[in-house]
Structures are given as structure tokens and as C-alpha cells.
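Subject: The structure for you to look through

Hi,

Here is the structure I promised to pass on. Have a look at it first, then read my notes below with the viewer open.

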Amino acid sequence: MPIILPLASSSSLTVPTNSKPFLPQNSFFKFSSVFIINNTSNNDKSISYSYNPSRRLALFQLGTAIPQSQLFDAKASRFLRADGSTTEASTSGNMAPTSTTVTEQNALEWVKNDKRKMLHVVYRVGDLDKTIKFYTECLGMKLLRKRDLPEERYTNAFLGYGPEDSHFVVELTYNYGIDKYDIGTGFGHFGIAVEDVAKTVDLVKAKGGKVTREPGPVKGGKTIIAFIEDSDGYKFELLERGPTPEPLCQVMLRVGDLDRSINFYKKAFGMELLRKRDNPENKMLSMLDSSDGLVSPMFLILKFGFVFLQYTIAMMGYGPEDKNAVLELTYNYGVTDYDKGNGYAQIAIGTDDVYKTAEAIKLCGGKITREPGPLPGINTKITACLDPDGWKSVFVDNIDFLKELE
């Protein structure tokens, strides 16, 4: 079911610098040819880059038609109040909503005990058959199922390393007639655990794939990693590990306030902070040669053609990294906003109660973009939300999800 997002508004990024501005050729940000130097004091200057995103069709797949007014800018009232008062959640279909007579404390406690797991990650591709071929031949995934909805003009394909009821999988969406998407600057990469990184990289090269980081130990550690890129530009980090029940192990997203995000995902999503690593020292990387006029978003200072990086990462999830898929949140010092693009869509998470889930999300400052209730036609109950950075997640009723697979 295609939903057309409203046009993104223009945005800008301001980067502090005390040196003459230099705009490298490489980018993930697209800037106009004009930049302004703001002199706020003798020693404090900033460069403001104006960015005007192009018209985009961001198509959100929920498996059936949902009015845009329901999905975006929903002005939902607060369902849950600390004094224990209640409100009613309206819904359609033949399933009644669960009672919402709970206190704030009870709701947050319920989140911790809810049976949650990451189900799948959804993103859009321009050539479905080509992507399926690359994922199966180079990354060892299996095509689990495929569904075509010609009346809605899109096709879904689910791929992974095991059945959907027990593994985290990718849901690829091909929208008829659209062969290219803007991945944006906020999405980072997917992580895949493999037993031999070098062997996988050789296979990717043999199949004509793109390797953006050759195999080698991660900086400051011993884990062997490499980075590759699919035909749509989505990056994959290959991590050398022993046998694992969850090879598709990471989704990396960039956020503007890491502590805020950690707090939100712990309280609203019930995730654990598995580990946190800070890299406060300057990381100087030379810019790669590029002709597309892009600039990396992970920077503080542009100087002498080099980028100085400072960043912190937090691993969030529902279990240990070696056995579960996790969400990797990355904060780049001084960067508070990213372009989401229209390629990456959302993560789907299982829950025992979408109504209580929506209440807890609202309490924690999240925005509900699709009120809890069953989807027309299939009765699978879901709710959709945005985190403080605007990243989308969909919660799916656990029992309904298993019925849908059947």
C-alpha cells in the first residue's frame, strides 16, 4: 500500500569553524552552491549550508491502504495519565481494543515485561530481482516469501537467515516505476555477522559488488570488519564472528542527542542499553574522491581537505548482541539533524498489546503516527510511531503476526 509523504521542507546545517571554510568533493549531504559565513564574534564563525531536498515519493508499506491523515500528523490526545484516569481508543474491524485503565508507572513497568523482539526492517529498492540475487548469492540470505500487489503497484520480498517467526529479516519494497531512492544522511548501515569476512568480500567482488572498506581489524579492537554496498547504495558492515543464531545483527541510525535517544528507547521501547562507546578524540579521515557534490555528515570541522570525527555509539536491544539483532545509535559530535531520505522506512517490533504500547510511547515523548488498531482487511493490529529524531517504528501484535505468517 503506497502512502505518499508530504514534501520535505528545506533545511540547513550549521557547522562551527575557526578556519577558512573548505568544501570537500565527497558527500552524503547535498548542498546548494551558496554558503554563508556568519561572523558572530572575532573568534566564532559558522558556515551555514542551505539544503533543499528534491521532491520525493516516500512510500510506506503497511500491507493495505491507510489514509494519510491517520499515518501523519495525528493529533492524538494523551491516552494515559499519571492520576489513573482513562481514555478510549477507537478502532475498526471486529477486534476490541485492550483496556487502557493503567497508571503511568504501571505502563512503563508493563513495557519492561512485554514480550518484544525485532521482527524486520523495511526499506525500498529500485530493482527487486537484482537485490534479491545479490543478497542470496553474496550475503547468503534466503528468499522467505514474496508478494505482489499490482492493484497497489508494489511488490514485497522478505529475506533472511531463517524463518520470520524466529529471525530478524529484511522486507524489501519495490514500488512500480521507481528505480532510485534518496537514502539520506541519517541511515548508517546494516550489520551482518559472517564467519570469514575476507572470503565474503572476495565473493562480493567476484559478483561485481562494491567494497567500501577492505577487511581488517576495527580501530582500537580485534574484530575483523569490512563494508560493502548494494546496488541501491545501502551499506552493510560485515563482522567476523563465530556461528550465531542471528546473522542479520545490526541496524545503525544516526541521532542528534544520544542520551535522549537512549532514554526513549529504554522507556518507550523497553530496550536495554547493551553497551556504549565514546570516541572523543579527533578522527582525521581524508575525503574520498567523488563527483556528486556530496559532503559527509559525520564532521565537526572542515579544514585542509580533511574531516575530523568525534562520535559515540550505543547498542540497544532485547538481548545479547551475539544472539539478537540490535539497534546501533550513533551520535556525531555537533551534528543534531539528518536528512532521512525516502529509502529507509522503519523497523517492525513485536508486542503483546499495541494499545498499551502506544500509550507508553506518548508518555515518553514519542509521536504516534498511526493509532493502534487492526489493519483493514487482515485484522493484524499495529501502531506506528516516531522517535525524537523522527525515525519510524511499527509495533505489531505478536499473535496477529504469527497468524499472518500462516
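One thing to keep in mind from the start: this is a predicted model.

**The overall picture**

The chain has 406 residues, and 52% of them count as buried. It is built from seven helices and 22 strands. If you take contacts between residues at least 6 apart in sequence, 69% of them join residues at least 24 apart.

**The cores**

Start with the largest nonpolar core, which has 57 residues. Which of its residues touch the most other members? They are Tyr123, Tyr135, Leu139 and Phe269. Helix α3 (residues 128-138) gives this core its largest share, five residues. There is also another core apart from it, made of eight residues, including Ala348, Leu375, Val394 and Val396.

Try clicking on Tyr135. Once you skip neighbours within four places in sequence, its contacts include Tyr123, Leu159, Val170, Leu172 and Phe236. Gly140, Met141 and Asp230 are in contact with Tyr135 too.

**Helix α5**

Next, find helix α5, which covers residues 258-267. Its buried residues are Leu258, Ser261, Ile262, Phe264 and Tyr265. They sit on the same side of α5, because the arc they cover around the axis is only 165 degrees. At the start of this helix, a side-chain oxygen of Asp257 comes to within 3.4 Å of the backbone nitrogen of Asp259.

Arg260 also belongs to α5. Its side chain meets that of Asp389 in a salt bridge, at 3.3 Å from N to O. Asp389 is in the loop between β21 (381-386) and β22 (392-397), so this pair ties together parts that are 129 residues apart in sequence. The two ends are not equally covered: Arg260 is partly exposed at 36% relative accessible area, while Asp389 counts as buried at 11%.

**More salt bridges**

How many salt bridges are there by the rule used here? The count comes to 14. Here are some to look up:

- Arg116 pairs with Asp114, and their closest N and O atoms are 2.7 Å apart. Both Arg116 and Asp114 are buried.
- Glu164 pairs with Arg145 at 2.5 Å, N to O. Glu164 is in the loop between β7 (154-160) and β8 (169-175), whereas Arg145 is in strand β6 (residues 142-149), so you are looking at a link between distant parts of the chain, 19 residues apart. Glu164 is buried, with a relative accessible area of 7%, and Arg145 is partly exposed, at 23%.
- Lys133, Glu137 and Lys207 are joined in a network of salt bridges.

**Thr155**

While you have strand β7 on screen, pick out Thr155, which lies in it. Is Thr155 buried or exposed? Thr155 is buried, with a relative accessible area of 8%. Its side chain makes a polar contact with the side chain of Asp148, at 2.5 Å. Leaving out residues up to four places away in sequence, Thr155 touches Leu128, Lys146, Arg147 and Asp148, along with Leu172, Thr173, Tyr174 and Tyr176.

**Cysteines and Lys323**

You may wonder about disulfides: how many are there by the rule used here? The count is zero. Two cysteines to click on are Cys249, which is buried at 1% relative accessible area, and Cys364, which counts as partly exposed at 22%.

Cys249 also makes a nice exercise in comparing sequence with space. Lys323 is 74 residues away from Cys249 in sequence, but their C-alpha atoms are 8.1 Å apart. You will find Lys323 in the loop between β17 (306-317) and β18 (326-332). With 52% relative accessibility, Lys323 counts as exposed, because the cut-off for that is over 50%. Not counting residues up to four places away in sequence, Lys323 touches Thr244, Pro245 and Glu246.

**Where to begin**

If you want a short route through all this, go from Tyr135 in the largest nonpolar core to the salt bridge between Arg260 and Asp389, and finish at Thr155 in strand β7.

Have fun with it!

Technical notes
Residues numbered from 1 in each chain as written. Predicted model: local features only at pLDDT ≥ 70, side-chain atom pairs only at ≥ 80, totals over all residues. Heavy atoms only, no water. Buried < 20%, exposed > 50% of the residue type's maximum accessible area, 1.4 Å probe, protein only. Helix = DSSP H or I, 4+ residues; strand = E, 2+ residues; numbered from the N terminus. Arc of directions from axis to C-beta. Polar contact = N/O pair within 3.5 Å; in protein donor to acceptor, adjacent residues only side chain to side chain. Disulfide = S-S within 2.5 Å. Core = buried A, V, L, I, M, F, W, Y, C linked by side-chain atoms within 4.5 Å. Contact = heavy atoms within 4.5 Å. Salt bridge = Lys/Arg side-chain N within 4 Å of Asp/Glu carboxyl O.
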